[in-house]
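Welcome! Take a moment to look over the sequence and the 3D view, and then let us walk through a few places together.

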Amino acid sequence: MQIVKRSATALFLAVLSFSAVAHPHSFITLKTQIMVKDEQVTGLKMRWVMDELTSADLLYDAGNAKPGDEIWKKLAAEVMANVLGQHYFTEFWHNGEKVKFLNRPTQYGMSRIDHQAVLTFILPLAEPQPLAGQKYTFSTFDPSYYVDMSYAEDSDVTLPDGLKSQCALTIDTPEPSDETLNFASSLDKDDAPPEDMNLGKQFAQTVTLPCQ
């Protein structure tokens with residue numbers, strides 16, 4: 001095994017096997033809760049569970065640390081620095097325009113589940129957004145598609161109980177063309193697709209939030 005250090009899009013100093021040949025090389029399972037206050041969207045509460053290979057380096061550094069130990073704070077800060085460098089790897093849209101985020105999360109932390117590292121944080125919108133009669137979409141993805149970031153189940157995106165009669169949630173999983181799939185498969189771990197191709201976005205799931 002080797003530790004591969006890439007640009008911020010590689011996220012976490014992922015530990016990868018020599019046999020890895022095609023993008024993606026790392027996998028993160030997402031869970032998101034819509035944060036709401038006073039009938040307005042205020043942010044996204046996110047939970048990212050990394051695959052075991054991606055987790056290995058972080059968990060090695062953590063050793064046998066218990067929840068709340070200082071090492072978890074240090075690791076969380078290092079990971080969040082990379083996440084912030086890529087604008088949380090998330091786009092949030094309303095009426096064809098991107099909604100801006102605050103430059104810092106309101107809270108964040110790191111922990112482990114068995115052999116997997118877990119990053120949790122609140123992604124705050126720069127300005128609260130009204131819900132009534134509005135529709136929002138958002139996606140979380142690595143533009144290079146070096147890291148696959150996806151929801152395993154539709155239920156992995158949730159609303160506060162009080163809004164379930166007013167708003168709905170759907171997750172759309174794209175079907176990239178054979179040409180795009182073949183291109184992604186051709187990329188070695190040291191390759192990067194052209195930036196203007198935005199390869200990761202072509203594989204990104206889109207969450208739609210319409211409200212009455």
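## Two helices side by side

Helix α1 crosses helix α2 in a right-handed sense. Keep in mind as you look around that this is a predicted model. To find the pair, look for residues 52–62, which form α1, and residues 70–85, which form α2. Their axes come within 9 Å and cross at roughly 150°. Angles over 145 degrees count as roughly antiparallel, and so α1 is described as roughly antiparallel to α2.

Which residues meet where these helices touch? From α1 come L58, L59, D61 and A62. On the α2 side, their partners are I71, W72, L75 and V79.

## A disulfide link

Now let us turn to the cysteines. The model has one disulfide, and it joins C167 to C211, with an S to S distance of 2.0 Å. This link is right-handed, with 110° about the S-S bond.

The disulfide ties together distant parts of the chain, since its two cysteines are 44 residues apart. C167 sits in the loop between β11 (157–158) and β12 (170–172), while C211 belongs to the segment after β13 (206–210).

Are these cysteines buried or exposed? The cut-off for buried is under 20% relative accessible area. C167 has a value of 6%, so C167 is buried. C211 comes out at 10%, so C211 is buried too.

## A serine in a loop

Next, find S177 in the loop between β12 and α3 (178–186). With a relative accessibility of 39%, S177 counts as partly exposed, because that label covers values between 20% and 50%.

What does the side chain of S177 reach? It makes a polar contact of 3.0 Å with the side chain of T180. You can also compare S177 with Q202, which is 25 residues away along the chain. The C-alpha atoms of S177 and Q202 are 9.2 Å apart.

## A buried threonine

Our last stop is T140, in strand β9, which covers residues 135–140. The relative accessible area of T140 is 2%, so T140 is buried.

Which residues surround T140, leaving aside those up to four places away in sequence? T140 touches L30, M46, W48, Y88, F89, T90, M149 and Q205. With T90 there is also a polar contact: the side chains of T140 and T90 are joined at 3.0 Å. Try showing T140 and T90 together in the viewer to see that pairing for yourself.

Key:
Residues are numbered from 1 along each chain as its sequence is written. This is a predicted model: local features need pLDDT of at least 70, side-chain atom pairs count only at pLDDT 80 or more; totals for chains, interfaces and linings use all residues. Side-chain values use heavy atoms; hydrogens and water are left out. A disulfide is a pair of cysteine sulfur atoms within 2.5 Å. Helices (H or I, at least four residues) and strands (E, at least two) are DSSP runs, numbered from the N terminus. Buried means under 20% relative accessible area, exposed over 50%, partly exposed in between (1.4 Å probe, protein chains only). A polar contact is a pair of N or O atoms within 3.5 Å; within protein, one must be able to donate a hydrogen and the other to accept it, and residues adjacent in sequence count only if both atoms are side-chain atoms. Axes are lines fitted to C-alpha atoms, for helices over the stretch in contact, and angles run from 0 to 180 degrees between N-to-C directions. Angles under 35 degrees count as roughly parallel, over 145 as roughly antiparallel, 65 to 115 as roughly perpendicular and the rest as oblique. A crossing is left-handed if the near helix is turned anticlockwise from the far one by less than a right angle, and right-handed if clockwise. Contact means heavy atoms within 4.5 Å.
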